[in-house]
Amino acid sequence: MTPFARSASELSTAIQSGKVRAVEAVEESLARIARSNEAINAFTRVFADQALADARRIDEDVNAGRVLGPLAGVPFAVKDLFDVKDQITTAGSKILAAAPPARTDAVAVARLRAAGAILVGTLNMDEFAYGFVTQNRHFGTTFNPHDTTRFSGGSSGGSAASVAAGMVPLTLGSDTNGSVRVPASLCGVFGLRPTHDAVPVTGTFPFIDRLDTVGPFARTVSDLRTAFAVLSGTPLAAPSRPVWRAARLGGWYRDGADPDGLAGVDAAATALGAEEIVNLPLAALGRSAGFLITAFEGGRRHLANLRARPMDFDPATRDRLIAGALLPDALLRDAERAAALCIAQLEAALDRHDLLLAPATPSPAPRLSDGMLQMNGKAVPARANLGLYAQPVSLAGVPVLTVPLARPGKLPFGLQLIAARGREALLFDAADALVAAGAAGFSWPPLAEVSA
Amino acid sequence: MTDSNSPSGTGNADGLDVGAALSRADGLGLVLSGEIRPGVEANLALLAQHYQAVLMGLSESGERGP
């Protein structure tokens, strides 16, 4: 078995038992990046020399019989908004290209390294994380490994695509309005938006403070469990099979969704005993409130550079940020009141149900050529609509795990598993149950060329 | 439109006046060149739709008068 047919957890176990050397794992990762990145464009920088040096140290520790962390020897990569010591954090923008290098790692990066993981590079994103498509004027488009004529999703597109293509078994992304969940859905990997504040965002380039989260992508639930424990500094949640009260979200969360994708959601719901459909009539209001809050606060965050160097922005980002900067303060107060209503409704539903299920995106990955997706028989812009089902949930700060539904021979389509704040362990258990039932799981894209 | 569209404004039950919002650019030191302005206008129009939806939602919920 090559190192990358193994999950991160399996790989670390093999390295710590001496069956695989960390150097082999990193070399395999670097070789896969070299083979696939031209087609996918997930990586923006590769730290080959440093990663190999780190791997040699791990191998020395193994040989010396030292106790290592749960991710010892596992190659990982991060969205290019995480500080990496001595590297410039670009946040996907030319604006920051001449910024001073980071003095220290972001907390999330430091925690993964302390657990033995080896950083191999940085990953592409929408500029300043404002988008769902990972089409970036400065760093190019990240293509979907399952079909390179299609979107990878965003804004953490490089993070999802690199895991799907087998370049690394573990990555970090960020999710403000859906930027982990959308690319996880389109690329067919597991992705976690943790409870707001569960994982420190210290050392990441911010977008919207009240909504920003950082979370991991992986090919297995087990890897997300391990990564979340490391990232949050909490004990590893052992798998269990609790009794849960689960329901599907209806209304806004089904209207216009791809019928075949919805069939997968319903099969997953059956596997979890989620026959009831719950309507949250204020979801549309929450979407609008989140859209406005994001534009307003994003515009103000970038106002100085929008004044001084507007032509250095990606035009798609710039025009949205300027529009946001022009909004009056009164609008924010109205949007916040609307958001509070939406949050209260979702929290009430989570008082009655442990788990809520919803599609992560309206459709599988749309084609890049026309940039449109189908909703209710109409073509609508993908850029503006990929986050429809992710954005309203973001306001409440609750954890959401995106699970790739089992769709043999079809493009990936993700399911959102939603729980109350602090209940990540329940999400992992539910995802395990879906995999065990055959309703979900990662599938290699043809491009990955994995040999077992 | 009666929307003040000023930083200290009290908002407007009719929604967002795109023209008034654009007029704030000078005061904020933003230059809307010919290349930039159409994209900003389009995004403001989208934001105006969302603001209208928010105002309607607040009105329906009794949070704000029409």
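Are Phe128(A) and Phe313(A) buried or exposed? Some notes on this predicted model follow.

1. Ground rules. Local features need pLDDT of at least 70 and side-chain atom pairs count only at pLDDT 80 or more, while totals for chains, interfaces and linings use all residues. Residues are numbered from 1 along each chain as its sequence is written, chains are lettered from A and ligands numbered from 1 in the order in which they are written, and side-chain values use heavy atoms, with hydrogens and water left out.

2. To settle the opening question: Phe128(A) and Phe313(A) are both buried (under 20% relative accessible area; exposed is over 50%, partly exposed in between; 1.4 Å probe, protein chains only). Their ring centres sit 5.8 Å apart with the planes at 55°, so this is a tilted pair. For the terms: rings of Phe, Tyr and Trp (its six-membered ring) pair if their centres lie within 6.5 Å, with planes under 30 degrees apart called stacked, over 60 edge-to-face and the rest tilted.

3. Where do Phe128(A) and Phe313(A) lie? Phe128(A) is in the loop between β3 (118-123) and β4 (135-136) of chain A, and Phe313(A) is in the loop between α10 (303-308) and α11 (315-325), so the pair ties together parts 185 residues apart in sequence. (Helices, H or I of at least four residues, and strands, E of at least two, are DSSP runs numbered from the N terminus.) Phe205(A) joins Phe128(A) and Phe313(A) in one aromatic cluster.

4. Over all chains there are 6 aromatic pairs. Another one to look at is Phe442(A) with Trp444(A), edge-to-face at 5.0 Å between centres and 85° between planes. Phe442(A) counts as buried at 18% relative accessibility, whereas Trp444(A), at 31%, is partly exposed.

5. Now across the chains: α12 (329-352) of chain A packs on α3 (37-60) of chain B at about 55°, axes 10 Å apart. That makes α12(A) oblique to α3(B) (neither under 35 degrees, roughly parallel, nor over 145, roughly antiparallel, nor 65 to 115, roughly perpendicular). On the α3(B) side, the contact (heavy atoms within 4.5 Å) is made by Tyr51(B), Val54(B), Leu55(B) and Leu58(B); residues from α12(A) include Leu331(A), Asp334(A), Arg337(A) and Leu341(A). The residues of this contact split into 9 nonpolar, no polar and 2 charged.

6. Last, α5 (157-164) of chain A is mostly covered, with 8 of its 8 residues buried; Gly157(A), Ser159(A) and Val163(A) are among them. Just after α5(A), Gly166(A) takes a positive phi of about 75°.

Note on methods. Axes are lines fitted to C-alpha atoms, for helices over the stretch in contact, and angles run from 0 to 180 degrees between N-to-C directions. Ala, Val, Leu, Ile, Met, Phe, Trp, Tyr, Cys and Pro count as nonpolar, Asp, Glu, Lys and Arg as charged, and the others, Gly among them, as polar.
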